[in-house]
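User: I'm just starting out with protein structures and I'd like to zoom in on one part. Could you walk me slowly through a single helix and what sits around it?

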Amino acid sequence: MFPARRRPLLPGRDDSGSRRALPRRCPVFRLFVAALLLGLASLLWLQLSCAGDGARRGRGAGAGAAPPRPCPAEPPPPPGEEASWGPHRLALLVPFRERFEELLAFVPHMHRFLSAQRVRHRILVLNQADRFRFNRASLINVGFLESGNDTDYIAMHDVDLLPLNEQLDYGFPEAGPFHVASPELHPLYHYKTYVGGILLLTKQHYEMCNGMSNRFWGWGREDDEFYRRIKGAGLQLFRPSGITTGYKTFQHLHDPAWRKRDQKRIAAQKQEQFKVDRDGGLNNVRYRIASRTALSVGGAPCTVLNILLDCDTSLTPWCTFG
């Protein structure tokens, strides 16, 4: 007789046909593998989507596409300031509204750039949190008033403009206002009376100008009016010299296809934007600080002021679109 054939085991059963328990994988191992895969996917996504060289090369695809995210700052920001850095401290005033991608790149970059120059500094992000149109000049006035007694000069600094040349000087501008983003270096604006982008002033000089006009709601013209204030106060304007990098001195993060500027001119605003405001400025800016929050962005410290501006619609009805 042939030997009895052995019946193959079915999954989950023993020799008697009874159901037996299958070994279960360790849930901790599963979680580890899932976390590892998620981390690798996140790093790959960040590398492909950040605003590095590859992202800039592919910018031509689709005018309505979202702008590339800025790459994380490398290397990490340096340690804090030291006593040997000198007596002056800069208040870096950054007018802001809904520019989070730029801010993530700006704060670590500027903290590292200024620390390399041994410039004591405090980065103040001036977030306009009200319902009115954006008012860069009023935000700078507020930042000046809220910057504290431990700072003795300011930088009016756009969030989308990063200095790349280490020879750019952010030191104390004792002789007069120092226009870092001068027309021969700024990637976009090249007229000789331009003082926007990045401008350094001592607090004394800013007070001599009575700050900036509060009448400019929407984009543009407030820095042109401030140029007249500088001249009217008898101050001499200085600009960088010996910089050979030309229009590649700065990185401009703004993408006009994604973030359109509020250039609308309403009613009398068309005529008023070309006038000098002889009465308004630091002395009559109206605002309230909703909150003040200390943050760390990529290891770099900053303070966010949530600012509620006020508008007298009888004087500047163009502060709203309604």
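Analyst: Let's take helix 3 and its surroundings, one step at a time. Keep in mind that this is a predicted model.

First, the setting. The chain has 322 residues, and 43% of them count as buried. Along it you'll find seven helices and nine strands. If you look at contacts between residues at least 6 apart in sequence, 76% of them join residues at least 24 apart.

Now the helix itself. Helix 3 covers residues 100-116. Does its length add up? Let's check: how far apart are the end C-alpha atoms of helix 3? They are 25 Å apart, and at 1.5 Å a residue the 17 residues should span 24 Å, so the two values agree.

Is helix 3 enclosed or not? Count its buried residues: 13 of the 17 are buried, so helix 3 is largely enclosed by the rest of the structure.

Let's pick out one residue in there. His-111 belongs to helix 3. Its relative accessibility is 7%, and since buried means under 20%, His-111 counts as buried. Its side chain has a partner, too: a polar contact of 2.9 Å links His-111 to the side chain of His-121.

Next, follow the chain out of the helix. Just after helix 3 comes Arg-118, with a positive phi of about 60°, even though Arg-118 isn't a glycine. You'll find Arg-118 in the loop that runs between helix 3 and strand 2 (120-128). Buried or exposed, then, for Arg-118? The cut-off for exposed is over 50%, and Arg-118 has 51% relative accessibility, so Arg-118 counts as exposed.

One more neighbour is worth a visit: Glu-166. Glu-166 lies in the loop between strand 4 (161-163) and strand 5 (178-179). Which residues does Glu-166 touch, if you leave aside its neighbours within four places in sequence? The answer is Phe-113 and Gln-117. Glu-166 is itself exposed, with a relative accessible area of 69%. It also shows how folding brings sequence positions together: Glu-166 and Ile-243 are 77 residues apart in sequence, yet 9.7 Å apart in space, C-alpha to C-alpha.

So here's the picture to keep: helix 3 is largely enclosed, with 13 of its 17 residues buried. His-111 is among the buried residues, while Arg-118, just after the helix, is exposed.

Notes. Residues are numbered from 1 along each chain as its sequence is written. This is a predicted model: local features need pLDDT of at least 70, side-chain atom pairs count only at pLDDT 80 or more; totals for chains, interfaces and linings use all residues. Side-chain values use heavy atoms; hydrogens and water are left out. Helices (H or I, at least four residues) and strands (E, at least two) are DSSP runs, numbered from the N terminus. Buried means under 20% relative accessible area, exposed over 50%, partly exposed in between (1.4 Å probe, protein chains only). A polar contact is a pair of N or O atoms within 3.5 Å; within protein, one must be able to donate a hydrogen and the other to accept it, and residues adjacent in sequence count only if both atoms are side-chain atoms. Contact means heavy atoms within 4.5 Å. The expected span of a helix is 1.5 Å times one less than its number of residues.
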